[in-house]
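Please open the model in your viewer and keep the selection panel at hand. The tour below proceeds one selection at a time.

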Amino acid sequence: MQSIIDIQHLFYRYEKDTVLEDINMSIPDGSFLAIVGPNGSGKSTLLKLILGLLKPQKGEITIFGQEISKFKDWQKIGYVSQKANSFNTGFPATVFEVVASGLTKKLGLFTFFKKEHSLKVFEALEAVGMREFSNRNIGELSGGQQQRVFIARALVSEPKLLILDEPTVGVDAENVNSFYQMLGDLNKNRAITLLLVTHDIGTISDKVTHVACLNKHLHFHGETKEFEELRGEGMSEFYGHDVHLLAHHHEHGGARK
Ligand code: ADP
């Protein structure tokens with residue numbers, strides 16, 4: 001499988017604290033990768049490096065076969081930030097309008113909105129199971145439903161890679177499985193490579209094909225079934241104390257939010 005992102009010997013520090021050390025990983029085209037790690041382990045920093053928002057002090061990042069500083073085709077990458085979880089519920093926009101706003105990047109602000117564009121919006125809403133909510137005010141929806149709408153907004157520009165920062169934070173425990181099911185469908189049926197980060201090891205679903213455990217270093221990177229086997233054996237040597245605790249919680253069914 002061709003890799004969509006390739007990272008070689010990546011180091012990053014803020015002022016004097018090194019937060020990422022010698023990270024090497026490649027993300028295969030068509031995979032669904034979860035990067036897991038406790039708070040402060042460098043997950044957001046790694047995403048910012050991949051999105052070109054930060055520059056590494058050392059190492060290389062290649063995106064779609066191109067060195068990141070030369071890469072221009074950012075439309076191929078959709079990003080749903082953590083801030084999407086704390087959307088101001090008083091904001092007067094419909095679900096349709098929120099998703100349509102994802103097209104302005106592509107169309108320019110004052111381009112006439114045509115019927116084909118509406119179809120794209122409905123199609124994206126369909127893909128996340130939210131079509132019948134198109135006329136609802138975004139503020140009236142649950143956290144999980146809002147998250148689906150923000151994913152639809154990222155989908156309208158037809159990304160090949162979708163990056164999600166802690167997407168299950170606002171999702172109720174009983175809806176986490178169907179949320180992952182929806183992501184699994186995007187991954188399989190639409191051939192979108194997915195990269196998500198989460199601190200919550202308890203919710204890693206079987207829709208995820210690959211797992212990377214980050215805690216300054218990359219402690220593990222491989223297929224989900226291999227990860228599950230290691231988890232069964234106790235993860236501390238791969239993952240560090242914090243995550244061992246989360247795994248422990250999970251065994252007693254209490255890790256979900
Ligand atoms: P995570 O997303 O896994 O919680 P982060 O990438 O946000 O981790 O943070 C990794 C480390 O870098 C933490 O120790 C954090 O305090 C530090 N850090 C994050 N952003 C900055 C910044 N802008 N300046 C200085 N230190 C930062």
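How many Å separate an oxygen atom of the ligand from an N or O atom in the side chain of Thr45? In this predicted model, the distance is 2.5 Å. The ligand, taken alone, exposes 560 Å², and the protein buries 54% of that area.

**First stop: the ligand and its shell**

Select the ligand together with Tyr14, Val19, Pro38, Asn39, Gly40, Ser41, Gly42, Lys43, Ser44 and Thr45, the residues around it. Coloured by class, this shell shows three nonpolar residues, six polar residues and one charged residue. Helix α1, residues 43-50, supplies three residues, the largest share of the shell.

Next, display the backbone atoms of Gly40 and Ser41. A backbone N or O atom of Gly40 lies 2.7 Å from an oxygen atom of the ligand. At Ser41, a polar backbone atom is 3.1 Å from a ligand oxygen atom.

**Second stop: the antiparallel sheet**

Now select the four strands that form an open sheet, in the order β2-β1-β4-β5, with antiparallel pairing. The edges are held by β2 (17-28) and β5 (66-67); each has a single partner strand, so one side of each is left without a neighbour in the sheet. To examine one of these edges, zoom in on strand β4, residues 58-63, which pairs with β5 in the antiparallel sense over two bridges. Thr62 is a convenient residue to label here, as its bridge partner in β5 is Glu67.

**Third stop: strand β7 and its neighbours**

Move on to strand β7, residues 161-165. Is this strand largely enclosed or open? Five of its five residues are buried, so β7 is largely enclosed by the rest of the structure. In a regular strand, side chains alternate between the two faces of the sheet. Rotating the view shows that both faces of β7 are covered: Leu161, Ile163 and Asp165 are buried on one side, and Leu162 and Leu164 are buried on the other.

Add strand β6, residues 77-80, to the selection. Four bridges join β6 to β7, and the two strands run parallel. Gly78 has Leu162 as its bridge partner in β7.

Then add strand β8, residues 193-198, which pairs with β7 in the parallel sense over five bridges. Leu161 stands opposite Thr193 of β8.

Finally, include helix α6, residues 176-189, and follow the chain from β7 to β8. Together, β7, α6 and β8 make a right-handed β-α-β unit.

Methods
Residues numbered from 1 in each chain as written. Predicted model: local features only at pLDDT ≥ 70, side-chain atom pairs only at ≥ 80, totals over all residues. Heavy atoms only, no water. Buried < 20%, exposed > 50% of the residue type's maximum accessible area, 1.4 Å probe, protein only. Pairing = 2+ DSSP bridges. Right-handed = clockwise from strand over helix to strand, strands pointing away. Near = heavy atom within 4 Å. Polar contact = N/O pair within 3.5 Å; in protein donor to acceptor, adjacent residues only side chain to side chain. Areas by Shrake-Rupley, 256 points an atom, 1.4 Å probe, with all protein chains shown as cover. Nonpolar A, V, L, I, M, F, W, Y, C, P; charged D, E, K, R; others polar.
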